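Please look over the sequence and the structure shown here before reading on. The report that follows moves from a term that is needed later to the fold, the surface and the charged side chains.

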Amino acid sequence: QVQLVESGGGLVQAGGSLRLSCAASGRTFDNYIMGWFRQAPGKEREFVAVISWGGGNTKYADSVKGRFTISRDNAKNTVYLLMNSLKPEDTAVYFCAAAKLMRVESHLYDYWGQGTQVTVSS
């Protein structure tokens with residue numbers, strides 16, 4: 001089993017930045033693909049970004065490409081999401097998730113965190 005805990009969310013004005021963190025525990029974090037997803041009230045959960053275990057391969061949703069950066073530090077069992085140039089439409093609960101294969105389908109991820117709220121004011 002893997003436990004994932006997100007942190008770093010909060011309230012920020014449009015144009016501002018936040019860095020989310022996701023810390024893993026319970027078993028080794030090595031070799032897991034890590035993804036970020038988000039869900040706004042009344043909307044379905046959507047893919048945001050994913051990173052390979054070695055960090056060399058990343059993929060982003062078109063809505064965040066060029067603004068968000070996913071990274072990981074396997075020695076610290078932590079994955080990050082740096083969010084720049086935030087927009088009100090980025091407001092959502094952000095979740096990190098772990099999988100064994102590179103994928104964007106949320107239901108194919110094995111483990112999930114509890115989520116952290118990001119609110120962007122206009």
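## A term to begin with

A salt bridge is counted where a side-chain nitrogen of Lys or Arg comes within 4 Å of a carboxyl oxygen of Asp or Glu. In this structure, which is a predicted model, K65 and D62 form such a salt bridge, with their closest N and O atoms 3.1 Å apart. Both K65 and D62 are exposed.

## Fold and overall form

The secondary structure of the protein consists of eleven strands and zero helices, so that a reader who follows the sequence passes from one β element to the next in the pattern β-β-β-β-β-β-β-β-β-β-β. Among contacts between residues at least 6 apart in sequence, 57% join residues that are at least 24 apart.

The C-alpha atoms fill a box of roughly 40 × 25 × 20 Å along the principal axes. For a compact globule of 122 residues a radius of gyration near 14 Å would be expected, and the 13 Å of the protein agrees with this.

## Surface and charge

Of the 122 residues, 44% count as buried. The protein exposes about 6100 Å², and carbon and sulfur atoms supply 48% of that area.

There are 13 positive and 10 negative side chains in the protein, and the centres of these two sets lie 3 Å apart.

## Salt bridges and their surroundings

A search of the whole structure finds four salt bridges, one of which is the pair of K65 and D62 described above. Another joins the side chains of R67 and D90, at 2.7 Å from N to O. Because R67 lies in the loop between β6 (58–60) and β7 (68–73), while D90 lies in the loop between β8 (78–83) and β9 (92–99), this pair ties together parts that are 23 residues apart in sequence. R67 counts as buried because its relative accessibility is 10%, under the cut-off of 20%, and D90 likewise counts as buried, at 0%.

The side chains of E46 and R38 also meet in a salt bridge, again with a distance of 2.7 Å from N to O. Here R38 is buried, with a relative accessible area of 5%, whereas E46, at 31% relative accessibility, counts as partly exposed.

Which residues are linked in a network of salt bridges? The network is made up of R38, E46, R67 and D90, and it thus brings together the pair of E46 and R38 and the pair of R67 and D90.

Conventions. Residues are numbered from 1 along each chain as its sequence is written. This is a predicted model: local features need pLDDT of at least 70, side-chain atom pairs count only at pLDDT 80 or more; totals for chains, interfaces and linings use all residues. Side-chain values use heavy atoms; hydrogens and water are left out. Helices (H or I, at least four residues) and strands (E, at least two) are DSSP runs, numbered from the N terminus. The radius of gyration is taken over C-alpha atoms; the globule rule is 2.2 Å times the number of residues to the power 0.38. Buried means under 20% relative accessible area, exposed over 50%, partly exposed in between (1.4 Å probe, protein chains only). Contact means heavy atoms within 4.5 Å. Accessible areas come from the Shrake-Rupley method with a 1.4 Å probe; for residues, only the protein chains shown count as cover. Lys and Arg count as positive and Asp and Glu as negative; His and the chain ends are not counted. The place of a charge is taken as NZ of Lys, CZ of Arg, CG of Asp or CD of Glu.
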